[in-house]
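Biologist: Please choose one part of this model and take me through it closely, moving outward from there to whatever surrounds it. I would rather have one connected account than a list.

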There are 2 protein chains.
Amino acid sequence: MKLDKGLMAGSSTLLVLTLLESGDMYGYQMIEELARRSNDVFQMQEGTLYPILHALEKGKYLTAYQQEAPSGRMRKYYRLTRRGRELLADKKAEWDRFRQGVGDVLSGGANALA
Amino acid sequence: MKLDKGLMAGSSTLLVLTLLESGDMYGYQMIEELARRSNDVFQMQEGTLYPILHALEKGKYLTAYQQEAPSGRMRKYYRLTRRGRELLADKKAEWDRFRQGVGDVLSGGANALA
DNA sequence: TGACATACCTTGTTGTTCGAGGTATCATAT
DNA sequence: ATATGATACCTCGAACAACAAGGTATGTCA
């Protein structure tokens, strides 16, 4: 069962930044790691991920460097900058507000007593 | 502080259907009720809501009827159909999967033991 | 009379995802 | 040798969704 495309919108940046919080990663690896951590709920497409990475790098939220894999292949690793960590904190706070908001509506209201 | 536009994407239909679960409502009222229940986290725009209502009505998820308000004004009320309740159940399940997925990624993985 | 809230609607812009395609390397099997 | 599949990067165009901004009209209150 695939997730609605709309739901992904807005959360992709949060997810990418979160992955990089636990260490530098390269794009292809992020897609795999995202699927692993989420039990395959998230199957991010390359056409979604790479533009996000490029935009975040352009905005100085990430820096990139090349590194050779044991296989000899070149990989492009991304690292969170200080700015990136700040953005991540904001995105996390926003996610919490959003999640809480949806929960409140589903339960009938923030202060639903009945 | 405004919510990112992207986060709203995909959840608007769920929110609208949820409101109608507790009784028939008219559009303008939904916007107010959504703000009330969510402590102003959700401030849905009319340009977002009305197209959603029309699409749901077209898809037979809702039926609409006119009713005069005490003030004498005409209001257009919407009512959930059986189909609509089924869609709502699906959307709720999808939201749960999504929320769980994000939570899993944020916490380092679904089965994070460390 | 004018201003504001109510109540409905549509159009165009913008932002985001995805599908589909392209390039190239490496490992494995034939 | 060669073909296939996984790895690894990238871009473009279509589709979709929310929003801003505009419009129409009625009721209320100063």
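Modeller: Two residues are in contact here when heavy atoms of theirs lie within 4.5 Å of each other, and that is the sense in which I shall speak of packing. The model is a predicted one, and the part I have chosen is helix H3 of chain B, which spans residues 27-37.

The buried positions of H3(B) are Gly27(B), Met30(B), Ile31(B), Glu33(B), Leu34(B), Ala35(B) and Arg37(B). These buried residues pack against elements from both chains: helix H5 (82-106) of chain A on the one hand, and helix H2 (12-21), strand E1 (25-26), H4 and E3 of chain B on the other. After the helix comes Asn39(B), which has a positive phi near 55°.

Among those packing partners, H2(B) deserves a look of its own. Burial takes in 9 of the 10 residues of H2(B), and the helix is therefore largely enclosed by the rest of the structure. The buried set consists of Ser12(B), Thr13(B), Leu14(B), Leu15(B), Val16(B), Leu17(B), Thr18(B), Leu19(B) and Leu20(B). Following H2(B) there is another residue with positive phi, Gly23(B), where the angle is near 140°.

From this packing we can turn to the nucleic acid, since H3(B) also takes part in the surface near DNA strand C. The elements that each supply at least two residues of that surface are H3 (27-37), H4 and strand E3 (74-80) of chain B, together with helix H1 (5-8) and helix H4 (46-58) of chain A. H4(B) makes the greatest contribution, with 4 residues. In all, 24 residues lie around DNA strand C, and those that come nearest are Ser12(A), Arg73(A), Glu46(B), Arg73(B) and Arg75(B). Of the strand's atoms that come within 4 Å of the protein, sugar and phosphate account for 67%. By class, the residues of this surface are 7 nonpolar, 10 polar and 7 charged.

Three side chains of chain B can be paired individually with phosphate oxygens of DNA strand C. For Lys76(B), the separation between a polar side-chain atom and such an oxygen is 2.8 Å; for Tyr26(B) the corresponding value is 3.0 Å, and for Tyr50(B) it is 3.1 Å.

On the other strand, chain A supplies the helix H3. DNA strand D is surrounded by 24 residues, the closest being Tyr28(A), Glu46(A), Arg73(A), Arg75(A) and Arg73(B). Among the side-chain pairs with this strand, Arg73(A) places a polar atom 2.4 Å from a base oxygen, whereas Thr48(B) has an N or O atom 2.8 Å from a phosphate oxygen, and His54(A) has one 3.2 Å from a phosphate oxygen. Two or more residues of the surface near DNA strand D come from each of H3 (27-37), H4 and E3 (74-80) of chain A and from H1 and H4 of chain B. Here it is H4(A) that provides the largest share, 4 residues. The classes in this surface are 7 nonpolar, 10 polar and 7 charged residues, and 70% of the strand D atoms within 4 Å of the protein belong to sugar or phosphate, with bases making up the rest.

H4 of chain B, a packing partner of the buried residues of H3(B), leads on to the largest pocket, which encloses about 400 Å³ of space. Helices H1 (5-8) and H4 (46-58) of chain B are the elements that give two or more residues to its lining. That lining holds 16 residues, with Lys2(B), Met8(B), Gln43(B), Met44(B) and Gln45(B) nearest the centre, and it divides into 8 nonpolar, 4 polar and 4 charged residues. The second largest pocket, of about 300 Å³, has Lys2(A), Leu3(A), Met8(A), Gln43(A) and Gln45(A) nearest its centre, among 15 lining residues. Its lining comprises 6 nonpolar, 4 polar and 5 charged residues.

Finally, chain A, whose helix H5 packs against the buried face of H3(B) residues, has 5 helices and 3 strands, in the order α-α-β-α-α-β-β-α from the N terminus. Of its 114 residues, 44% are buried, and its C-alpha atoms fill a box of roughly 60 × 35 × 20 Å along the principal axes. Among contacts in chain A with a separation of 6 or more, 46% join residues 24 or more positions apart.

Notes:
Residues numbered from 1 in each chain as written. Chains lettered and ligands numbered in written order. Predicted model: local features only at pLDDT ≥ 70, side-chain atom pairs only at ≥ 80, totals over all residues. Heavy atoms only, no water. 1 Å grid on protein atoms, 1.4 Å probe; cavity = no way out; pocket = protein on both sides within 12 Å on 5 of 7 lines; lining within 4 Å. Points joined across faces, edges and corners; volume = space filled by probe spheres on them. Nonpolar A, V, L, I, M, F, W, Y, C, P; charged D, E, K, R; others polar. Near = heavy atom within 4 Å. Polar contact = N/O pair within 3.5 Å; in protein donor to acceptor, adjacent residues only side chain to side chain. Buried < 20%, exposed > 50% of the residue type's maximum accessible area, 1.4 Å probe, protein only.
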